[in-house]
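Me: I am new to this structure and should like to know what stands behind the terms used to describe it. May I put some questions about them?

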Amino acid sequence: MNGSSPDVGSAGRRHAVEQGPAIAWVESPLQLLCVAEAHHAGLLAADTLVVPRAGQRALRLTGRELRRIGLPEGLRLAEPADAMPRPGRVWAVGDAFSGRVQARALTSRPRRIVLVDDGLATIRLLELLVARRPLLRARARREGAAGLARAMLGVAAGMRLRGRGLTVFTALPVPAPLAGAVRETGAELVRHDFGWLRSRPASPAPEERTVVLGTSLVRNGLIHRDRYLRWLRELGEPVAYYPHRREDPADLARVARIDGLTVHDSGPPVELTLRDLRPGQRVVSLPSTAVTSLRVLLSGRGVSVEAVEVPDEWWTEAAGPSLRAHLQIFTDVPAPAAEGESPARGGLPGHSPAPGKVAP
C-alpha cells in the first residue's frame, strides 16, 4: 500500500469489493485529500465519486493539484455543488458535526459510512461517540427551541453512527484507551500515514529554513491579534508563511508587512505543498492538525515539526478552558498508537517549545 501501515492494508482488503460506486461529500481540502487516501487504501469502492462543496476556493485549488499529480485509479472528482448528493452504498464524509450531514445520515441508509479527518474535531467526535453525548461542536450553544432541536439531532446522529457500518479513517494519533473504546462501539478505526500522497511527485520546497503555518485562531476571536503579530515579528529570521485558508485578508496584509517574512498563496493543504521539505528545514505552528500530518509525512526527511503552545495571555475570553485544552491536544508529543495499530513509518517525532517560544 505504498508505505501505508498494516492497519490500512488489512482493512482495505476487507472492503475492496462493493456494489455500486461510493459517494464522498467534501467541504475542506483535508477532507478531499483523506478521501483520496481512503479510496487508495481500498476502504471505499472500486469507483468513488467525490462531490466538493461549491464556493470553496481552497477546495477548487486542491482538486486541481490532485489532478495534476494523478488521482488514484477509480477516483473521480465531480463539479462542485451546493446540494449534498444522496449517499451511495458507501458514503464518505468529514464533518460529522454538520447539521446537514447528520440529517442525511438519518434519512438515508448507506451500507457503510466512512468518516475521514476534518482537523482536531475528529478527536472530539470520537470522544463524544464513546461518551454517548450529542454530536455538537465544541462552541455550540444550546439555547431555546432551536438549540434543543439541534441537540436532539446530535443525539440521533450519534445513535446512528454508533450503529454497525462505521469506519473512521484517520492519520491522527488516537490514544489507545480512546481507540479501544471506539472499537467497542462497533466502529472500525483505521490509521493511515498518507501512503498514496507520499508516492506522488512533490512541489518544490521554499528556500527559507523556517516555515510558519498560519492560524484561524485570530479570525475566530480566540487569540489576540497583537500578540500573534508580535510573535511573528520576533522570530528574527527569514520565514516562509503559509496562511490558513480562513485567515482574514486584512490580517494577512499585516503579516506581509513584517520584514523577512514571505507570504505564500493559500490554496492546497500544506500536506500537499510542503511534503518535499529538505533536511534541516523546520515547520513551526500553533495548534493545528497539520502538525501531526506533517510529522507523518516529514519524519523520515530530517525535518522538525514544532508545535508552539499558546501562552495564557494570548487567549481571549471567548476561549474557555475546555476549548483551550482541546485546541492544544497536539502541542505535546503524540500519544502512542492504539493496541494493534502500527504508527506511521518513522514514528511521530516532534516537540513543543515553551509557550510562545520557538528555538533558534
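Me: Why are α2 and α3 called roughly parallel to each other?

Reply: The axes of α2 (29-40) and α3 (residues 57-69) pack at an angle of about 30° and are 9 Å apart. Angles under 35 degrees count as roughly parallel, over 145 as roughly antiparallel, 65 to 115 as roughly perpendicular and the rest as oblique. The angle of about 30° is under 35 degrees, and α2 and α3 are therefore roughly parallel to each other. The model is predicted, so local features need pLDDT of at least 70 and side-chain atom pairs count only at pLDDT 80 or more, while totals for chains, interfaces and linings use all residues. Residues are numbered from 1 along each chain as its sequence is written, and side-chain values use heavy atoms, with hydrogens and water left out.

Me: How do you know where a helix such as α2 or α3 begins and ends, and how is the angle taken?

Reply: Helices (H or I, at least four residues) and strands (E, at least two) are DSSP runs, numbered from the N terminus. Axes are lines fitted to C-alpha atoms, for helices over the stretch in contact, and angles run from 0 to 180 degrees between N-to-C directions.

Me: In which sense does α2 pass α3, and which residues meet?

Reply: The crossing of α2 and α3 is right-handed (the near helix is turned clockwise from the far one by less than a right angle; anticlockwise would be left-handed). On the α2 side, P29, L32 and L33 meet A58, L59, T62, G63 and L66 of α3, where contact means heavy atoms within 4.5 Å. This contact has 6 nonpolar, 2 polar and no charged residues. Ala, Val, Leu, Ile, Met, Phe, Trp, Tyr, Cys and Pro count as nonpolar, Asp, Glu, Lys and Arg as charged, and the others, Gly among them, as polar.

Me: Why are α5 and α7 called oblique to each other?

Reply: The axes of α5 (121-131) and α7 (residues 176-184) cross at roughly 55° and come within 9 Å. That angle falls in none of the three other ranges, and α5 and α7 are therefore oblique to each other. Their crossing is left-handed. I123, L126, E127 and V130 of α5 make the contact with L178, A181 and V182 of α7. By class, these residues divide into 6 nonpolar, no polar and 1 charged.

Me: What makes α9 and α10 roughly parallel to each other?

Reply: α9 (225-233) and α10 (249-256) pack at an angle of about 30°, with their axes 10 Å apart, and they are therefore roughly parallel to each other. α9 passes α10 in a right-handed crossing. R225, L229 and L232 of α9 make the contact with D251, R254 and V255 of α10. The residues there are 3 nonpolar, no polar and 3 charged.

Me: What makes a space a cavity or a pocket, and how many cavities of 30 Å³ or more are there?

Reply: On a 1 Å grid over the protein atoms alone, a cavity is a set of points where a 1.4 Å probe fits but cannot get out, and a pocket is an open set with protein on both sides within 12 Å along at least five of seven lines; lining residues have an atom within 4 Å of a point. The structure holds 5 cavities of 30 Å³ or more. The largest cavity has about 80 Å³ of space (the space filled by probe spheres set on the points, which are joined across faces, edges and corners).

Me: Which residues line the largest cavity?

Reply: T215, V218, R219, R225, Y228, L229, E247, D248, D251 and V255 line the largest cavity. By class, this lining has 4 nonpolar, 1 polar and 5 charged residues. α9 gives the largest share, 3 residues.

Me: What lines the second largest cavity?

Reply: W91, V93, A96, V101, Q102, A105, I113, L115, A157 and L161 line this cavity, which holds about 60 Å³. Its lining is 9 nonpolar, 1 polar and no charged. α4 gives the most, with 3 residues.

Me: How much space lies in the largest pocket, and which residues lie nearest its centre?

Reply: The largest pocket has about 1500 Å³ of space. Of its 49 lining residues, G119, S216, H244, R245 and R246 lie nearest its centre. The lining divides into 20 nonpolar, 18 polar and 11 charged residues.
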